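Please explain how this structure is put together, taking its helices and strands in turn. A formal account in running paragraphs is wanted, suitable for a reader new to it.

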Amino acid sequence: MPAHRSKSEKNEEENQSRRDPYEVLGVSRSSTDQEIKSAYRKLALKYHPDKNANDPKSADMFNEITYSYNILSDPDKRQQYDSAGFEAVEAENQDLELDLSSLGAMNTMFAAIFSKLGVPIKTIVSATLLEEAINGTVPTIPLTLGKSVSRKVEKQCAHFYSIRITEKEAHAGIVCRVQSSDKSKFKLLYFDQDENGGLYLALQEDSAKRGKVTSAGMYFLGFPVYRLDRPSSQVVKRDPDAAFFKKLEGFQPCEISELKPGLHTFAVYGDNFFKSAHYTIEVLCAGSFVDEKANLQAVEAQISSKRTEISKFESEYKQVITQFTEMTTKYTQEMQAIDDLLKQRNEIHATYTVKRNSSSSNSNSRSKKRVVLKDDKKASIKDGSKKKWYNIQVKNDKRKPC
């Protein structure tokens with residue numbers, strides 16, 4: 001009868017059977033983030049289930065491509081894989097990313113339930129939508145600089161907006177912001193134009209809850225502007241210390257820091273599981289926000305510097321924690337040893353005291369008995385003499401005195 005394999009052995013076999021993510025995407029280890037994204041888009045469109053409904057091999061290939069991209073698109077996971085392979089990545093409990101447009105109603109419902117239960121599930125933009133954008137078949141809505149537009153977008157659909165920027169406006173900086181007052185989930189997308197006139201996804205920001213709204217923004221201000229990917233809630237609950245040190249690891253500079261004069265395309269993608277998303281979008285020129293622009297540049301520079309400091313502090317902190325753990329362990333052991341010795345001492349004292357008291361008690365009893373007997377004897381002698389004295393028969397002499 002064959003022996004049962006342990007879970008670790010099965011995981012090891014699975015890791016050995018997996019292909020190198022760089023090989024899957026057809027990129028080198030020195031490839032930039034943009035090169036990795038471009039390779040992923042092409043392969044994802046080629047093997048997407050929507051285009052290969054009856055081809056199980058394409059479905060497997062699509063899953064492998066998505067899994068590989070999840071590793072290489074995340075700076076932290078990419079570094080972990082480069083240093084220790086799949087095992088290091090698996091240990092971090094990766095978030096699951098799904099293309100909801102490729103799921104049936106039942107699977108989408110299960111995904112929504114898991115999300116409500118706290119299981120981190122990220123969604124990706126529909127491959128069909130990306131293909132339409134690349135083919136240049138998506139309708140766009142003209143957007144005026146400084147004027148907001150409020151609309152409702154259906155789930156897994158997108159509204160495309162085009163806006164023309166002058167050289168002066170591009171030099172001053174451009175900000176695109178989207179927010180939803182009913183806290184809908186959405187993605188803010190920015191598309192670049194390729195040589196054939198199509199649109200390919202260049203930047204993406206997921207909405208995040210901020211007070212009473214959900215919002216997302218893109219900032220093209222002529223200097224490095226950062227984006228912040230927050231650690232999952234599971235990591236925070238499991239290890240608060242690790243969550244603290246990872247808090248700024250997701251603070252990475254955006255690939256694009258400024259826009260050139262000309263026509264640019266943004267899109268709002270409905271990211272809710274079942275319902276449409278209400279939103280308001282506006283594109284502003286940063287020319288009238290001089291102080292805000294300077295403050296943002298200063299603060300982000302400080303955060304970037306703090307990120308480097310925290311990275312160095314982490315190793316020092318871990319050394320101190322290790323020493324502290326060793327000292328507290330020794331403290332506990334020494335305290336237990338002292339308590340045990342004192343307990344033994346008290347037990348010996350208690351035993352000795354009981355024997356001494358018992359011996360003393362017997363001695364005192366015998367002593368008291370002897371004393372009592374002696375006293376009793378004296379008392380009897382005295383009593384006897386008295387008795388003898390008082391029992392003397394005195395004869396009266398009737399003779400008259402001379």
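The following paragraphs treat two helices, then a sheet, and then a further group of strands.

The model is predicted: local features need pLDDT of at least 70 and side-chain atom pairs count only at pLDDT 80 or more, while totals for chains, interfaces and linings use all residues. Residues are numbered from 1 along each chain as its sequence is written, and side-chain values use heavy atoms, with hydrogens and water left out. Helices (H or I, at least four residues) and strands (E, at least two) are DSSP runs numbered from the N terminus.

Helix 4 comprises the 17 residues 56-72. The expected span of a helix is 1.5 Å times one less than its number of residues. For helix 4 this gives 24 Å, which agrees with the 25 Å between its end C-alpha atoms. At the N-terminal end, D55 acts as a cap, with a side-chain oxygen 3.2 Å from the backbone nitrogen of K57; a polar contact is a pair of N or O atoms within 3.5 Å, where within protein one must be able to donate a hydrogen and the other to accept it, and residues adjacent in sequence count only if both atoms are side-chain atoms. Buried means under 20% relative accessible area, exposed over 50%, and partly exposed in between (1.4 Å probe, protein chains only). The buried residues of helix 4 include M61, F62, I65 and Y69.

Y69 also leads to helix 3, where K37 lies. With a relative accessible area of 16%, K37 is buried. Apart from neighbours within four places in sequence, K37 is in contact (heavy atoms within 4.5 Å) with Y69, A202 and E255.

Helix 8 spans residues 127-135, and its buried residues are A127, L129, L130 and A133. Because these cover an arc of only 160 degrees around the axis, they lie on the same side of helix 8; the arc is that of the directions from the helix axis to the C-beta atoms. Among the elements that cover these buried residues are helix 3 (33-47), strand 5 (158-165) and strand 13 (262-270). S126 caps the N-terminal end of helix 8 through a side-chain oxygen 3.3 Å from the backbone nitrogen of T128. After helix 8 comes G136, whose phi is positive, near 75 degrees.

The account now turns to the strands. Two strands pair if DSSP finds at least two bridges between them. Five strands form an open sheet in the order 3-5-13-7-8, with mixed pairing. Strand 3 (140-142) and strand 8 are its edge strands, each pairing on one side only. Strand 7 pairs with strand 13 in the antiparallel sense over six bridges, and L188 has V268 in strand 13 as its bridge partner. Strand 7 is also joined to strand 8 by seven bridges, again antiparallel, with D206 in strand 8 as the partner of K187. The hairpin of strand 7 and strand 8 has five residues between the strands, and G197 there takes a positive phi near 90 degrees.

Strand 10 (residues 213-220) is largely enclosed by the rest of the structure, because seven of its eight residues are buried. Strand 6 (residues 174-180) pairs with strand 10 in the antiparallel sense over seven bridges, and R177 stands opposite G217. Strand 9 (residues 208-210) is joined to strand 10 by three bridges, also antiparallel, with K209 opposite T214. In the hairpin of strand 9 and strand 10, two residues lie between the strands, and G211 takes a positive phi near 70 degrees.
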